[in-house]
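Here's a walk through one protein chain, with sheets and helices taken in turn. Have the sequence and the 3D view open as you read.

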Amino acid sequence: MEKENGAKPSSEEEMMERWRFGENKAVAAAGGRSIRATLNKVVSSVDENGPRPVIPLGHGDPSVFPSFRTTPIAEEAIVEAVRSAQFNNYAPTNGVLPARRAVAEYLSKDLPYKLSPDDVFLTAGCAQAIDILVSALARPNANILLPRPGFPMYEARCTYTNLEMRHFDLIPEQGWEVDLNQVEKLADENTVAIVIINPNNPCGSVLKYQHMEEIAKTARKLGVMVISDEVYDHLTFGSNPFIPMGVFGNVVPVLTLGAISKRWVVPGWRLGWIATTDPKGILRKTKVVDSIRSILDITTDPATFIQGAVPQIIEKTKDDFFNNIIHVLRDAAELCYNIIKDIKCITCPHKPEGSMFVMVKLNLSYLVDISDDVDFCSKLAKEESVIVLPGSALEMKNWLRITFAVEPTSLVVGLERLKSFCERHEKN
């Protein structure tokens with residue numbers, strides 16, 4: 001084969017023409033939606049030769065900081081599980097029975113009914129739980145209602161499985177409550193579920209009982225299930241207590257997602273769950289549970305020794321540990337909110353009450369040489385070695401997500417650098 005100009009192609013060109021494989025565009029599109037991909041781009045702007053350490057205010061992993069170290073009880077439970085030699089084997093598809101029982105009892109404490117171990121499916125973190133549910137629900141023409149802002153893992157998995165996404169807004173001025181009128185307009189006969197994240201990542205909000213009841217009634221009216229992402233369960237420090245969506249399981253079937261990653265501050269241990277908080281058994285009758293089991297049959301399990309440690313981790317952790325984490329988060333959220341109030345180009349519509357994050361609005365009219373939120377975060381990383389997540393990664397252009405779950409001294413330094421950056425780029 002010759003080129004159009006008559007020259008013979010090189011052997012390398014010939015080889016490239018013969019290969020029948022290439023990029024998986026669906027994977028590329030899904031990966032491009034992830035927080036990790038966005039943060040990697042921001043981090044690439046950091047001056048590696050800069051004199052100051054990087055302050056990570058962009059991700060939700062405080063486990064590296066001394067103030068957020070997990071309880072020794074959890075560490076000892078892992079060691080004991082490994083040394084017992086009872087958990088070197090493959091685990092059952094839905095998880096080791098004692099671990100499922102412990103999770104069922106843990107969740108039941110906040111519910112008006114009891115869960116059984118058969119209501120719990122263990123996963124490799126909450127991320128795999130999302131993957132499993134999206135895969136189980138995806139079918140031709142189906143769609144799912146996702147919050148905006150939300151957690152991009154849902155969008156990434158929907159993109160990969162071709163499950164249509166329809167976004168409803170969370171209303172900043174109303175404590176990031178769900179726009180239920182919009183939800184009703186978005187739903188149709190092909191809608192299968194609505195996703196709720198409570199306590200909320202990225203907004204730091206905590207839903208009130210009355211509003212949650214309205215969500216449940218709206219979902220029932222539309223004939224859709226509620227997927228309640230509660231990975232930040234009980235990490236609340238404002239006026240609203242944590243209430244699991246499963247409280248309304250008699251109104252609408254609820255699939256509850258959770259993990260030990262956030263409350264115990266061990267995201268790297270990758271132990272999560274899906275629980276059918278559905279006392280009427282609708283999810284079993286409609287064979288959604290069968291679909292979950294089928295997906296579990298073809299996916300990997302969380303490490304067996306981690307599962308073996310779960311009963312001790314859940315049962316023996318003292319309230320003192322949880323109370324200390326809440327105390328640190330409360331003080332950090334207060335500090336973050338107060339410093340942000342003094343930054344002219346940033347507005348915080350709602351003081352964080354839970355999780356580890358706050359969403360703030362970026363007002364570009366106060367700034368020069370900043371084109372959008374991504375540009376803001378890239379230049380902040382380059383000039384100040386501070387990492388913040390652009391809101392564009394969360395379907396919220398010209399917003400920012402800031403995590404306050406870092407060592408208090410680092411948080412102060414990071415926020416002061418953020419303030420200095422904004423003042424330096426302000427219009428005269």
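Which elements do the buried residues of α9 pack against? They pack against β5 (177-178), α8 (180-186), β6 (191-197) and β7 (225-229). Before going further, a word on what you're looking at: this is a predicted model, where local features need pLDDT of at least 70 and side-chain atom pairs count only at pLDDT 80 or more, while totals for chains, interfaces and linings use all residues. Residues are numbered from 1 along each chain as its sequence is written, and side-chain values use heavy atoms, with hydrogens and water left out.

Helices and strands here are DSSP runs, numbered from the N terminus (helices are H or I with at least four residues, strands are E with at least two).

**Helix α9 and its two sides**

The buried residues of α9 are His 211, Met 212, Ile 215, Ala 216, Thr 218 and Ala 219. They cover an arc of only 165° around the axis, which puts them on the same side of α9. That arc is taken from the directions from the helix axis to the C-beta atoms. "Buried" means under 20% relative accessible area, "exposed" over 50%, and "partly exposed" in between (1.4 Å probe, protein chains only). On the other side of α9 you'll find Gln 210, Lys 217, Arg 220 and Lys 221, which are exposed. As a rule, an α-helix has 3.6 residues a turn, so residues three or four places apart point the same way. Right after α9 comes Gly 223, with a positive phi near 75°.

Two helices can be checked for length, using an expected span of 1.5 Å times one less than the number of residues.

| Helix | Residues | Expected span | C-alpha end-to-end distance |
|---|---|---|---|
| α9 | 14 residues (209-222) | 20 Å | 20 Å |
| α13 | 23 residues (319-341) | 33 Å | 33 Å |

For α9, the distance agrees with the expected span, and for α13 it agrees as well.

**The eight-stranded sheet**

Eight strands form an open sheet with mixed pairing, in the order β2-β9-β8-β7-β6-β3-β4-β5. At the edges stand β2 (120-123) and β5, each with a single partner strand, so one side of each is left without a neighbour in the sheet. Two strands count as paired if DSSP finds at least two bridges between them.

Take β6, where seven of the seven residues are buried. It pairs in the parallel sense with β3 (residues 143-148) over three bridges, and Leu 145 stands opposite Ile 194 in β6. With β7, β6 also pairs in the parallel sense, over five bridges. Here Ala 193 stands opposite Met 225, Ile 194 opposite Val 226, and Ile 197 has Asp 229 as its bridge partner.

Strand β7 has five of its five residues buried, so it is largely enclosed by the rest of the structure. Met 225, Ile 227 and Asp 229 point one way from β7, and Val 226 and Ser 228 the other way. Four bridges join β7 to β8, and these two run parallel. Asp 229 turns up again here, with Leu 257 as its bridge partner in β8.

**Lys 262**

Where is Lys 262 found? It is in the loop between β8 (254-259) and β9 (272-277). An unreviewed UniProt entry annotates Lys 262 as "modified residue: N6-(pyridoxal phosphate)lysine"; such annotations may be inferred rather than shown by experiment, and their positions are given in the numbering used here, with feature names shortened. At 13% relative accessibility, Lys 262 counts as buried. Leaving aside neighbours within four places in sequence, Lys 262 is in contact (heavy atoms within 4.5 Å) with Gly 60, Val 231, Tyr 232, Leu 235 and Met 356.

**The second sheet and α13**

Four strands form another open sheet, in the order β10-β11-β14-β13, with antiparallel pairing. Its edge strands, β10 (346-347) and β13 (389-390), each pair on one side only. Two bridges link β10 to β11 (residues 357-362) in the antiparallel sense, and Thr 347 has Lys 361 as its bridge partner in β11.

The buried residues of α13 include Phe 321, Phe 322, Ile 325 and Leu 329. Those buried residues of α13 pack against β10, β11, β14 (399-403) and α15 (408-424).

**The annotated domain**

The unreviewed UniProt entry also gives "domain: Aminotransferase class I/classII large" for residues 53-414. That span is 38% helix and 17% strand, and its end C-alpha atoms lie 10 Å apart.
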